[in-house]
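Here is a short report for a reader new to this structure. Look at the sequence and the model, then read on.

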Amino acid sequence: MIRTLLALLMLLSLVPSPARAQDPGELQTQVAQAAEGFVDAFNDLDWDRFEEAWAEDATAFMPVPDFPARLDGRDTIVATFKSIFADFPDRFEGPPYLTIDPVDLRIDVVRTAAIVTFHLGDEAPRSRRTLIFVQQGDVWRIAHLHASRPPI
């Protein structure tokens with residue numbers, strides 16, 4: 001038994017230790033910057049930056065009845081948003097085309113994932129948004145969006 005335990009400890013010592021954990025405040029700042037970059041890209045309908053914000057295998061739950069409730073994959077998500085906002089550039093002079101202004105922003109980081117929640121709108125009941133970010137190398141990308149509107 002002791003030999004088995006010693007052998008196990010020796011094997012574990014050969015496994016590389018994970019990279020030193022980053023400061024939680026630094027991670028929260030990185031996620032906040034990624035979320036702000038996403039909102040800015042969305043407000044400007046900057047489709048290159050908008051697409052870059054998403055993980056390739058991302059999913060999104062949408063409160064828009066004309067589209068599937070769940071969208072699978074970055075390409076599908078981006079194509080859906082492009083179709084929803086296709087005529088906005090023609091109706092307005094220039095960016096920003098939208099005024100997405102998160103209220104009650106909260107960011108919770110757990111290792112290489114983060115949950116970003118906020119409300120939209122000035123009057124109750126407000127629409128709700130949840131973004132789940134994952135760290136991919138040095139970049140935080142959206143793995144999931146959950147958008148909901150209160151019943152009218």
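Contact, in this report, means heavy atoms within 4.5 Å. By that rule, Ser127 touches Phe118, His119, Leu120, Ser148, Arg149 and Pro150, leaving aside residues up to four places away in sequence.

This is a predicted model: local features need pLDDT of at least 70, side-chain atom pairs count only at pLDDT 80 or more, and totals for chains, interfaces and linings use all residues. Residues are numbered from 1 along each chain as its sequence is written, and side-chain values use heavy atoms, with hydrogens and water left out.

**Ser127 and Ser148**

Helices (H or I, at least four residues) and strands (E, at least two) are DSSP runs, numbered from the N terminus. Ser127 sits in strand S5. Ser148 sits in strand S6, residues 139-148. Buried means under 20% relative accessible area, exposed means over 50%, and partly exposed lies in between (1.4 Å probe, protein chains only). Ser127 counts as buried because its relative accessible area is 16%. Ser148 is buried too, because its relative accessibility is 16%. Ser148 touches Pro63, Ser127, Arg128 and Arg129, again leaving aside residues up to four places away in sequence. Ser127 and Pro150 are 23 residues apart in sequence, yet their C-alpha atoms are 6.2 Å apart in space.

**Strands S3, S4 and S5**

Two strands pair if DSSP finds at least two bridges between them. S3 (residues 103-110) and S4 run antiparallel, joined by six bridges. S4 and S5 also run antiparallel, with eight bridges. Ile115 of S4 has Asp108 opposite it, and Ile132 in S5 also stands opposite Ile115. The hairpin of S3 and S4 has two residues between the strands. The hairpin of S4 and S5 has six.

Which side chains of S4 are buried? Ala114, Val116, Phe118 and Leu120 are, and they point to one face. Ala113, Ile115, Thr117 and His119 point to the other face and are not buried.

**Helix H2 and the core**

H2 covers residues 24-43, 20 residues in total. From first C-alpha to last, H2 reaches 28 Å, close to the 28 Å expected. The expected span is 1.5 Å times one less than the number of residues. Buried residues of H2 include Leu27, Val31, Ala34, Ala35, Phe38 and Phe42. An α-helix has 3.6 residues a turn, so residues three or four places apart point the same way.

A nonpolar core is a set of buried Ala, Val, Leu, Ile, Met, Phe, Trp, Tyr and Cys residues joined through side-chain atoms within 4.5 Å. The largest such core has 35 residues; Phe38, Phe42, Phe50, Trp54, Phe81 and Phe133 touch the most other members. Elements giving two or more residues to this core include H2, helix H4 (74-84), S4, S5 and S6. H2 gives the most, with eight residues. Phe133 touches, among others, Val31, Ala34 and Ala35, as well as Trp140 and Ile142.

**Backbone details**

Four residues with positive phi are listed here.

| Residue | Phi | Place |
|---|---|---|
| Leu45 | about 50° | loop between H2 and H3 |
| Asp104 | near 60° | strand S3 |
| Arg111 | about 55° | turn of the S3 and S4 hairpin |
| Gly121 | near 100° | hairpin of S4 and S5 |

Leu45 is buried because its relative accessible area is 8%. Asp104 is partly exposed because its relative accessible area is 48%. A cis peptide bond joins Pro95 and Pro96, with omega about 0°. Pro96 lies in the loop between helix H5 (88-91) and S3.
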